[in-house]
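This report describes the packing, ligand surroundings and selected backbone features of one protein model. The sequence and structure are shown first.

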Amino acid sequence: MPKVGITTTIPIEVVYAAGWEPVDLNNSFITSSNPRLLVEEAELAGYPRNICAWIKGIYSTVRQNEEIRTLIAVTQGDCSNTHALMETLQLVGVKVIPFAYPYDRDYDMLKLQIEKLMDAFEVNWQQVYEAREKLNAVREKVWQLDRMTWQDNLVSGWDNHFYQVCCSDFNGDPDQFNRQVGDFLSGIRDVSPKKEKIRIGYIGVPPICDDLYAYLEDREARVVYNETQRQFTMPFESGDFVEQYRKYTYPYGIFYRLEDIEREIERRNIDGIIHYAQSFCFRQIEDLIIREKLSLPVLTLEGDMPNTLDARTRMRLDAFLEMLR
Ligand code: SF4
């Protein structure tokens, strides 16, 4: 199966319909044996220090993986740095297929983009809908896992993050991932419900530090809502394929995202929000809108390099939890 790198969630059904294997480069980077080294290698290649670590990690991940010679780069609706990322990868011979989410969620523009992607992979609508049926069966299991997080209190914040974030590419093997989710769900049916006193919503891009969830749970707080990761599961019923990617909030403006965030805060009975912002990310600017619009306490955390939580961040988390308590 040929592999294609992706820089964020795209209409993945098109890739599977064509018999290609998608590789979410964010997940490959952060789960590699030494993600910090990948960031440093990009800097050695000439990437500036004041550019987000995810971009540098993705660059080195592709450079190291000989199997990834094609990349789908989201040129609108994700990250402005992607433009330069794809150009530096084109320079070393990687073929780039651009994909753009229209800022205003225009149906016709989005349909056109999807059809251009379908042309690039030489698939038709019937094949795409068949692939979608298979992926939706897996997504439904992950929706159940999410419900078991906030409704039944059986799932940790980390597991909720992990299984949802994997839905960007289904780990390159939907059948295997389907079994993995099924095993997880069977395993937690008998565990006792969690009893944390504080319910946290996590919004923003997925964290670059991997111990946040455990740190909170050690202090009687649990993440019961992972905004962006949940969006990767396409958590809305939709008969129409284009509509499915119109409802997906992450690539569109902050105000559309906030509608989803506010709905879930209410539904999940959330006490406080952690807004994660990556160093050198343009999305940090949106923090001021989030603070203005949300009526419950918000803690903004910034992460830079792949790492565990630093002392300052741990102290800020402690103070935030104390205040919520
Ligand atoms: S964290 Fe921000 S700057 Fe970094 S890749 Fe994501 S959108 Fe781009």
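## Packing, ligand shell and loops

In this predicted model, helix H8 (residues 157–165) has as its buried residues Gly157, Asn160, His161, Tyr163, Gln164 and Val165. The elements that cover these buried residues of H8 include helix H2 (25–30), H7, helix H9 (174–188), helix H10 (212–218), strand S6 (221–226) and helix H11 (227–231).

In helix H9 lies Leu185. With a relative accessibility of 3%, Leu185 counts as buried, because buried means under 20% relative accessible area. Beyond its neighbours within four places in sequence, Leu185 is in contact with Lys141, Gln144, Leu145 and Met148. Between the C-alpha atoms of Leu185 and Lys141 the separation is 8.3 Å, although these positions lie 44 residues apart in the chain count, that is, they are 44 residues apart.

The largest nonpolar core comprises 93 residues, and Ile72, Phe99, Phe177, Ile200 and Leu317 have the most contacts inside it. Helix H7 (residues 125–150) contributes the most to this core, namely seven residues. Another core lies apart from it and has 14 residues, including Val224, Leu258, Ile265 and Leu296. In soluble globular proteins, nonpolar side chains tend to be buried together. When residues up to four places away in sequence are not counted, Phe177 touches Val138, Val142, Tyr163, Cys166, Cys167, Phe170 and Asn171.

Which residues surround the ligand? The shell consists of Cys52, Trp54, Ile55, Asp78, Cys79, Asn81, Gln278, Cys281, Phe282 and Arg283. Sorted by class, this shell has six nonpolar, two polar and two charged residues. The ligand itself sits in the largest pocket.

Two loop residues other than glycine have a positive phi value, and they are listed below.

| Residue | Phi | Loop | Relative accessibility |
|---|---|---|---|
| Glu122 | near 55° | between helix H6 (107–121) and H7 | 71% |
| Asn153 | near 60° | between H7 and H8 | 17% |

Are these two residues buried or exposed? Glu122 counts as exposed, since its relative accessibility of 71% is over 50%. Asn153 is buried, because its relative accessible area of 17% is under 20%.

Conventions:
Residues are numbered from 1 along each chain as its sequence is written. This is a predicted model: local features need pLDDT of at least 70, side-chain atom pairs count only at pLDDT 80 or more; totals for chains, interfaces and linings use all residues. Side-chain values use heavy atoms; hydrogens and water are left out. A residue is near a molecule or strand if one of its heavy atoms lies within 4 Å of it. On a 1 Å grid over the protein atoms alone, a cavity is a set of points where a 1.4 Å probe fits but cannot get out, and a pocket is an open set with protein on both sides within 12 Å along at least five of seven lines; lining residues have an atom within 4 Å of a point. A molecule sits in a cavity or pocket if more than half of its atoms lie within 2 Å of its grid points. Ala, Val, Leu, Ile, Met, Phe, Trp, Tyr, Cys and Pro count as nonpolar, Asp, Glu, Lys and Arg as charged, and the others, Gly among them, as polar. A nonpolar core is a set of buried Ala, Val, Leu, Ile, Met, Phe, Trp, Tyr and Cys residues joined through side-chain atoms within 4.5 Å. Buried means under 20% relative accessible area, exposed over 50%, partly exposed in between (1.4 Å probe, protein chains only). Helices (H or I, at least four residues) and strands (E, at least two) are DSSP runs, numbered from the N terminus. Contact means heavy atoms within 4.5 Å.
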